2 protein chains.
Amino acid sequence: MTKPFSVLVVDDEKEIRDAIEIYLKYEGITVVQACDGIEAIEKLDEHPIHLIILDVMMPRMDGIAATFKIREQKNIPIIILSAKSEDTDKVLGLQVGADDYVTKPFNPLELIARVNSQLRRYVTLGTYEDSNKILNLNGLTLDPEAKIVEVNGEAVKLTPIEYRIVELLMNHPGRVFSIQDIYERVWKEPSYNAENTVAVHIRKIREKIEIDPKNPRYLKVVWGIGYKMEK
Amino acid sequence: MTKPFSVLVVDDEKEIRDAIEIYLKYEGITVVQACDGIEAIEKLDEHPIHLIILDVMMPRMDGIAATFKIREQKNIPIIILSAKSEDTDKVLGLQVGADDYVTKPFNPLELIARVNSQLRRYVTLGTYEDSNKILNLNGLTLDPEAKIVEVNGEAVKLTPIEYRIVELLMNHPGRVFSIQDIYERVWKEPSYNAENTVAVHIRKIREKIEIDPKNPRYLKVVWGIGYKMEK
DNA sequence: AGAATTCTTAAGAATTTCTTAAGGTTTTCA
DNA sequence: TGAAAACCTTAAGAAATTCTTAAGAATTCT
């Protein structure tokens, strides 16, 4: 499963960078490497980075400071790597600006869990505002907190994928999403031979939310383009 | 952009207070500092405070307890700062009265997001819902102060973890929490390989609070998404 | 040391998701 | 205009995932 995230790994030891890269790639996360702070800044400009893993014990501290500056502007979570033996004060100072830390030697699974946790939090915080509001369109209601969809007051039981499709469309009433759009935004991976998969789910959704699935009132097709939720 | 809010930051470390102040000021929020609970009480009398950010790990615990008492009267939201390494139970006790918490090291922007979120809620709700109030849902009762759960008036004995899960769910009736959400909010660390751990606790809770655990009335599953407490 | 709590493992049940395939509808363009 | 191509709908069953439950091991508390 590919995730739409890329992580910048900053460490002066190549073996560590490579090891982390292997584990993150296995998670479907793109990895960009940098061996010091200076290089990290360049990479941050070149690539869209969603999280930084940073070894505190590197020769060139100025680069690290600069990295932090950039984070302030870009709001990217930072996970710090540090050895237990390291100077506590120095590490502590850095930690004030960090989101999480892992001490070396570290369990790769734990690092991955923390990376995922940060990415999740980062994403949900970003979309926090509108993702909690109850949506309503002509009697079709969606409650993002309770994950409940209702048609004219009657609860409808949707599966997770069905729910996510409805949520996507209802968040942008009237906007047409191609099948690829839908697949990529719901499954969070590139669509390949997935046209019919989406179509089948559309059908199932109609079966549940439409009074007359053959003449849908809410979930309409736009021929040759995609689907949309009627405004 | 100036906001009509002032926040009291209580921490014994000056650098942390200053760092927080810088970020909040940038948001247009007024900041009042206090280095311990005693001082916090004075400041609460002197200034109109709308929210408190409180470090749990401070030398003088009595002052903190007093701060909480004041909050109870004044209905001010509290966000707790805690280090991961800290004694979980001690932190937990405090958190019961808190509205949100952030673990150190923290991302300043995340702290700001949570501050804004609390202030928003505080304003929109008008009268802030006290998290020490006894919760009641269809005969299921939770008393956060006494840490007692009752089903139709009959006390149920929950273990600490069980209690925290029930409390989390009851604080947000109807809202669905994924297993990862639950793990991270109850255990306060990222979850990996913890899916079944939570599931087992859910089962134990049902055994205790449900009349018919196979057809739960309170603690419901939302397939593929998580669990929730029925509204 | 004994009791209570928490975690791990594993097997089976329930539910969801995907694939395949056939038939219908709309568009294209000869 | 009419036939071909592209696109959409529908159905059914296989595959995969998720949930429940139980039992016992490991850990923590008293």
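On one side of helix 2 of chain A, Asp45(A) and Glu46(A) are exposed. Keep in mind that you're looking at a predicted model. Let's stay with this helix for a moment and then work our way over to the DNA.

**Helix 2 of chain A**

Helix 2 covers residues 37-46, and its buried residues are Gly37(A), Ala40(A), Lys43(A) and Leu44(A). Why do these four share a side of the helix? Because they cover an arc of only 110° around the axis. Asp45(A) and Glu46(A), the exposed pair, sit on the other side. Now look at the start of this helix: a side-chain oxygen of Asp36(A) comes to within 2.7 Å of the backbone nitrogen of Glu39(A).

**Helices 8 and 9 of chain A**

Helix 8 of chain A runs over residues 179-187, and it buries Ile179(A), Ile182(A), Tyr183(A), Val186(A) and Trp187(A). Their arc around the axis is only 95°, so they end up on the same side of helix 8. What covers them? The cover includes helix 7, helix 9 and strand 11 (226-229), which also belong to chain A. Just past the end of helix 8, Lys188(A) has a positive phi of about 55°.

Helix 9 of chain A is 15 residues in length, and its first and last C-alpha atoms are 21 Å apart, close to the 21 Å expected at 1.5 Å a residue. Its buried residues are Val198(A), His201(A), Ile202(A), Ile205(A), Arg206(A) and Ile209(A). These cover an arc of only 145°, which means they lie on the same side of helix 9.

**Meeting DNA strand C**

How many residues surround DNA strand C? There are 19, and the closest are Thr159(A), Trp187(A), Asn196(A), Thr159(B) and Asn196(B). You've already met Trp187(A) as one of the buried residues of helix 8. By type, the residues around the strand split into 10 nonpolar, eight polar and one charged. Turn to the DNA's side: of its atoms within 4 Å of the protein, 67% are sugar or phosphate, and the rest belong to bases.

Here are three polar contacts with the strand:

| Residue | Its N or O atom is in the | Partner in DNA strand C | Distance |
|---|---|---|---|
| Ile161(A) | backbone | phosphate oxygen | 3.2 Å |
| Asn196(A) | side chain | base nitrogen | 2.5 Å |
| Asn196(B) | side chain | base nitrogen | 2.4 Å |

The elements giving two or more residues to this surface are helix 7 (160-171) and helix 9 (195-209) of chain A, plus helix 6 (160-171) and helix 8 (195-209) of chain B.

Note on methods
Residues are numbered from 1 along each chain as its sequence is written. Chains are lettered from A and ligands numbered from 1 in the order in which they are written. This is a predicted model: local features need pLDDT of at least 70, side-chain atom pairs count only at pLDDT 80 or more; totals for chains, interfaces and linings use all residues. Side-chain values use heavy atoms; hydrogens and water are left out. A residue is near a molecule or strand if one of its heavy atoms lies within 4 Å of it. A polar contact is a pair of N or O atoms within 3.5 Å; within protein, one must be able to donate a hydrogen and the other to accept it, and residues adjacent in sequence count only if both atoms are side-chain atoms. Ala, Val, Leu, Ile, Met, Phe, Trp, Tyr, Cys and Pro count as nonpolar, Asp, Glu, Lys and Arg as charged, and the others, Gly among them, as polar. Buried means under 20% relative accessible area, exposed over 50%, partly exposed in between (1.4 Å probe, protein chains only). The arc is that of the directions from the helix axis to the C-beta atoms. Contact means heavy atoms within 4.5 Å. The expected span of a helix is 1.5 Å times one less than its number of residues.
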